[in-house]
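Student: I would like to go through this structure step by step. Can we begin with one of the loops?

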Amino acid sequence: MSGTLRWGILGTGWIASLFVQDLLAAGLTVTAVGSRSQDSADAFAGRYGIATAHPSYEALVADPNVDAIYVSTPHPLHFANAKLVLAGGKHVLIEKPITMDASQAAELVALATENKLVLLEAMWTRWLPHMIRIREIIAAGLIGEVRTLIADHDQDLPDDPAHRINNPDLGGGALLDLGIYPVSFAWDLFGEPTSVAAHASFTATDVDRQTAIILGYEGGQQALLHCALDTRGPNRAVILGTGGRIEIDPVWYTATTFTAYGEDGEAFEHFDQPVVSRGMQFEAIALEDIVASGALAGTELPPQESVAIMGTLDEVRRQIGLRYPSDR
């Protein structure tokens with residue numbers, strides 16, 4: 001049912017480029033782009049053959065040839081940008097994290113519901129083929145009762161203090177940019193945690209350099225998670241069950257392979273399904289399918305879950321003392 005919406009792109013940065021390339025490779029329709037300057041919009045539109053380039057976000061939202069808008073701006077701008085899109089009557093796919101905190105996310109969900117629009121967080125990992133197959137294996141009980149998730153997202157990123165990842169004004173730090181991936185994965189597997197324990201080290205710019213998180217659950221499950229912005233890690237994930245395990249190869253949150261092992265330690269499945277382009281098209285297809293169904297939310301990542309995930313990140317931030325200028 002995908003391929004029926006006309007997409008607009010809000011922002012012209014690196015992630016917007018990756019997203020558009022994936023949409024075009026998958027045959028989806030991108031009709032317009034909006035930037036804060038005409039030159040930037042023109043350059044982006046010319047690069048990808050987009051018909052209309054708008055010199056403002058407001059003009060993009062007002063475009064009658066746009067049905068859904070992808071918000072690709074830095075974290076602290078997501079809330080205001082998404083409010084603009086929803087108020088303009090467009091469906092919205094917001095780059096993760098959906099907002100800076102749970103209260104902002106809840107306000108967006110309320111606005112989307114009021115306007116009968118689809119609001120979806122662009123946690124692209126949720127819709128990748130290997131993750132869909134992993135859910136099937138777990139649901140079938142092929143590794144028994146799932147007890148533990150161990151996952152890291154550790155990168156060696158630029159150390160320039162002005163770079164987005166190090167800049168508190170732009171929502172910098174390891175947690176919101178990198179740590180959200182394993183935290184969202186833990187939510188996908190286990191749901192809401194009953195306990196959160198976190199410890200962090202900070203950069204000279206007062207954002208978290210690395211953060212370790214342990215999430216506990218009512219059934220005794222645990223998620224052991226780590227993120228860092230200045231040390232490259234294995235970027236693997238392991239799911240441990242009472243009757244086996246699943247080892248997800250690097251980079252676990254991108255389109256990749258995995259091997260599932262039974263209780264005897266022998267592999268019973270190696271998953272290796274090629275994906276066209278990078279794989280960000282699946283989140284756009286998910287939004288299109290939700291719209292076509294007449295619903296406001298899908299099952300993989302309903303907006304209320306995005307709000308709750310931000311609540312977990314809020315608690316981690318509280319424990320490690322991570323604050324931003326945008327905090328209310």
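Tutor: Yes. Keep in mind that this is a predicted model. Ser277 is found in the loop between β14 and α8 (281-293).

Student: Is Ser277 buried, exposed or partly exposed there?
Tutor: Buried means under 20% relative accessible area and exposed means over 50%. Ser277 has a value of 39%, so it falls between these cut-offs and is partly exposed.

Student: What is the phi of Ser277?
Tutor: Ser277 is a residue other than glycine. Its phi is nevertheless positive, near 60°.

Student: Where else is phi positive in a residue that is not a glycine, and what is its value?
Tutor: Look at Lys116, in the loop between α5 and β6. Lys116 is not a glycine. Its phi is positive, about 55°.

Student: Is Lys116 buried or exposed?
Tutor: The cut-off for exposed is over 50% relative accessible area. Lys116 has 65%, so it is exposed.

Student: Lys116 follows α5. What end-to-end distance should helix α5 (residues 102-114) span, and what does the model give?
Tutor: The expected span is 1.5 Å times one less than the number of residues. Helix α5 has 13 residues, so it should span 18 Å. Its end C-alpha atoms agree with that, at 18 Å.

Student: Which residues of α5 are buried?
Tutor: Buried requires under 20% relative accessible area. The residues of α5 that are buried are Ala102, Gln104, Ala105, Leu108, Val109, Leu111 and Ala112.

Student: Why would residues three or four places apart point the same way in a helix?
Tutor: Count residues per turn. Residues three or four places apart point the same way because an α-helix has 3.6 residues a turn.

Student: Which elements do the buried residues of α5 pack against?
Tutor: The partners include both helices and strands. They are α4 (75-87), β5 (91-95), β6 (119-122) and α9.

Student: What is the strand order of the sheet that holds β5 and β6?
Tutor: This is an open sheet of six strands. The pairing is parallel. The order is β3-β2-β1-β4-β5-β6.

Student: Which strands stand at its edges, and why do they count as edges?
Tutor: An edge strand has a single partner strand, so one side is left without a neighbour in the sheet. The twist averages 25° from one strand to the next. The edges are β3 (52-54) and β6.

Student: Which residue of β5 is the bridge partner of Val71?
Tutor: Strand β4 (residues 68-71) runs parallel to β5, and four bridges join them. In β5, the partner of Val71 is Ile94.

Student: Which helix packs on this sheet by touching β1, β2 and β3?
Tutor: Its direction makes about 155° with that of β3. The strands touched are β1 (6-10), β2 (29-34) and β3. The helix is α2 (residues 38-48).

Student: Which peptide bond in the loop between β5 and α5 is cis?
Tutor: Pro97 lies in that loop. Omega is near -10° for the bond that leads into Pro97. The cis bond runs from Lys96 to Pro97.

Student: Where is Val251, which a cis peptide bond joins to Pro250?
Tutor: Omega of that bond is about -10°. Val251 is in the loop between β12 (244-248) and β13 (258-262).

Student: How many strands are in the open sheet that includes β12 and β13, and which are its edges?
Tutor: The order is β8-β9-β10-β7-β11-β12-β13-β14, with mixed pairing. The sheet has eight strands. Its edge strands, each pairing on one side only, are β8 (195-202) and β14 (267-271).

Student: Which residue of β10 stands opposite Thr148?
Tutor: Strand β7 (residues 146-154) and strand β10 (residues 222-228) pair in the parallel sense over seven bridges. Opposite Thr148 in β10 stands Gln222.

Student: Which helix packs on the sheet by touching β8 and β9?
Tutor: Its direction makes about 55° with that of β8. The helix is α9 (residues 303-320).

Student: What is the volume of the largest cavity, and which element gives the largest share of its lining?
Tutor: The whole structure has one cavity of 30 Å³ or more. The volume of the largest cavity is about 50 Å³. Its lining includes Met123, Tyr181 and Trp252. The largest share, four residues, comes from α7.

Conventions:
Residues are numbered from 1 along each chain as its sequence is written. This is a predicted model: local features need pLDDT of at least 70, side-chain atom pairs count only at pLDDT 80 or more; totals for chains, interfaces and linings use all residues. Side-chain values use heavy atoms; hydrogens and water are left out. Two strands pair if DSSP finds at least two bridges between them. Helices (H or I, at least four residues) and strands (E, at least two) are DSSP runs, numbered from the N terminus. Contact means heavy atoms within 4.5 Å. Axes are lines fitted to C-alpha atoms, for helices over the stretch in contact, and angles run from 0 to 180 degrees between N-to-C directions. Buried means under 20% relative accessible area, exposed over 50%, partly exposed in between (1.4 Å probe, protein chains only). On a 1 Å grid over the protein atoms alone, a cavity is a set of points where a 1.4 Å probe fits but cannot get out, and a pocket is an open set with protein on both sides within 12 Å along at least five of seven lines; lining residues have an atom within 4 Å of a point. Grid points are joined across faces, edges and corners, and a volume is the space filled by probe spheres set on the points.
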